[in-house]
Every structure is written in C-alpha cells, then in structure tokens.
Amino acid sequence: GGVFKRLDSGEGSYRMELQSDPDVSILLAKINNHLHVIEGKTNRYRRHFSKYEYLWVSDLNDHFREFLASAIKNEEIRAEVAVVEGEEEDGEKAKPAQIVEVRKILDLAMFDLKIKQYLNTQSEIEGLKHLHDMNFLRINGQPIKQAMGTWVTKWMYLYTGYIQTYISGQLNEIHEFQHKANHGLDSDPRESKATFMNIMAHIRD
C-alpha cells in the first residue's frame, strides 16, 4: 500500500485503505497465526538442545576442580629406617625413624564414569536430526550439533588429559627410581660403611 502513490491526489498512499480492507485483514491474521505456530515449533525444537546447555554455561575449570577434590585420594606410605647394631648418635643408640610419604592416588572409577557420561552425551548429540521442516521454514541444526560436539570434546579432554599427564608423571618417576636404584645397588658394600648403608636404603625403598 505504500509503494504506489495515490492516483486521485498524487500524494500519500493506499495503506489506510488496505489496512481497513476485510480481506486483507483476514490474510494478515492468517499470516500472523502461521508465524505464531512456527514460533512455537522452533521453541520446542530449541528445547531439544536446552538439556545440553550446561556444556557452555558451566565453568569448565571450576567444575573440574570440584571433581578433583573428591576424585584424588591421599595414600600414606609408612616405612621404618633400619638401625645398624652398634650405631650411636650423641652417645645414645640411634632410634628408628618413621618416614611418612603421601602419594596422590586417582579414583579411576570416578574418571571412568565421567568419561562414559560425556561419550554418551556425544552419541546423543550425533543422533539428533539436524534438518527440520516447519511449514515454509527449514532449520539446519548441523552447525549447532558441531558446536555442541566441540564442547563435549573440551569437557572430555579435561578428564582424559589429566589421566594422561598423571600416568606420564608416574612412569617418569618409576624410570628415575629404577635408574637411581640400579646405580646404587651396583656399589660395592665393602668400600665403606656409608656405601653399605646407601645400598641398604635402596633395598628398603
């Protein structure tokens, strides 16, 4: 109605006439009704993804710190230093000294549960239908699925990456311990008392 100028006056438009026309009003009402229906369908479609919003709403680092607080256990390793007969300290016989070592132990069952949870979430997202036709509107949800898949991978890597780093560190410690122990055990215990005590310490460890 606003495209063409009025022929009777040369000014203004036919917008008022069209808006007051009953047939036009009925068509506009039908269009608004269709739009309202499509809006409801798109909102229902959006709710399919709402259950996964924790992936991008929650803070990854805060959540993982809370998880580690319960997934890491401290194990105390106790050992006693052997006393060589006749060894004295300050005129008195040396007393056995208790050594306490605290080792960090991972609750792998908790890690396994979390990793399986995200694997299941990943499978659910991959199984979502990405093309949806709603009357004249076609929605392609593939970009949304890809974005959510990326978030799931980020969450899962927090757990798998931590385990990988932990195991690598443990293997390095074992390698260093073996190297140090082998070097110490190769010493000749007849060289000196200190050498003998050092060998005994390696056997104890």
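Read along the sequence, this chain follows the pattern α-α-α-α-β-β-β-β-α-β-β-α-α. That gives 7 helices and 6 strands, where helices (H or I, at least four residues) and strands (E, at least two) are DSSP runs numbered from the N terminus. You are looking at a predicted model, in which local features need pLDDT of at least 70 and side-chain atom pairs count only at pLDDT 80 or more, while totals for chains, interfaces and linings use all residues. Residues are numbered from 1 along each chain as its sequence is written, and side-chain values use heavy atoms, with hydrogens and water left out.

Of the 205 residues of the chain, 18% count as buried. Buried means under 20% relative accessible area, exposed means over 50%, and partly exposed lies in between (1.4 Å probe, protein chains only).

Let's visit helix 2 (residues 22-50). Its 29 residues should span 42 Å at 1.5 Å a residue, and its end C-alpha atoms are indeed 42 Å apart; the expected span is 1.5 Å times one less than the number of residues. At the N-terminal end, Asp21 acts as a cap, with a side-chain oxygen 3.0 Å from the backbone nitrogen of Asp23. The buried residues of helix 2 are Ile38, Tyr45 and Phe49.

Other residues of helix 2 see more of the outside. Val37 is partly exposed, with a relative accessible area of 32%. Its C-alpha atom is separated by 9.3 Å from that of Asn135, although the two residues are 98 apart along the chain. Leu35, also in helix 2, is partly exposed at 43%. Together with Leu28, Ile31 and Phe136, Leu35 makes a nonpolar surface patch of about 420 Å². Such a patch joins nonpolar side chains (Val, Leu, Ile, Met, Phe, Trp, Tyr) within 5 Å, from residues with over 30% relative accessible area and no salt bridge, that is, no side-chain nitrogen of Lys or Arg within 4 Å of a carboxyl oxygen of Asp or Glu.

Now move on to helix 4 (residues 60-71), whose 12 residues reach 16 Å from first C-alpha to last, close to the 16 Å expected. At its start, a side-chain oxygen of Asp59 comes to within 3.1 Å of the backbone nitrogen of Asn61.

Which residues of helix 4 are buried? They are Leu60, Phe64, Phe67, Leu68 and Ala71. Seen down the axis of helix 4, these buried residues fall within an arc of 100°, so they line one face of the helix; the arc is that of the directions from the helix axis to the C-beta atoms. An α-helix has 3.6 residues a turn, so residues three or four places apart point the same way. The face of helix 4 turned away from the buried side carries the exposed residues Arg65, Glu66 and Ala69.

Note on methods:
Polar contact = N/O pair within 3.5 Å; in protein donor to acceptor, adjacent residues only side chain to side chain. Patch = residues over 30% accessible without salt bridge, like charges linked within 9 Å, V, L, I, M, F, W, Y side chains within 5 Å. Areas by Shrake-Rupley, 256 points an atom, 1.4 Å probe, with all protein chains shown as cover.
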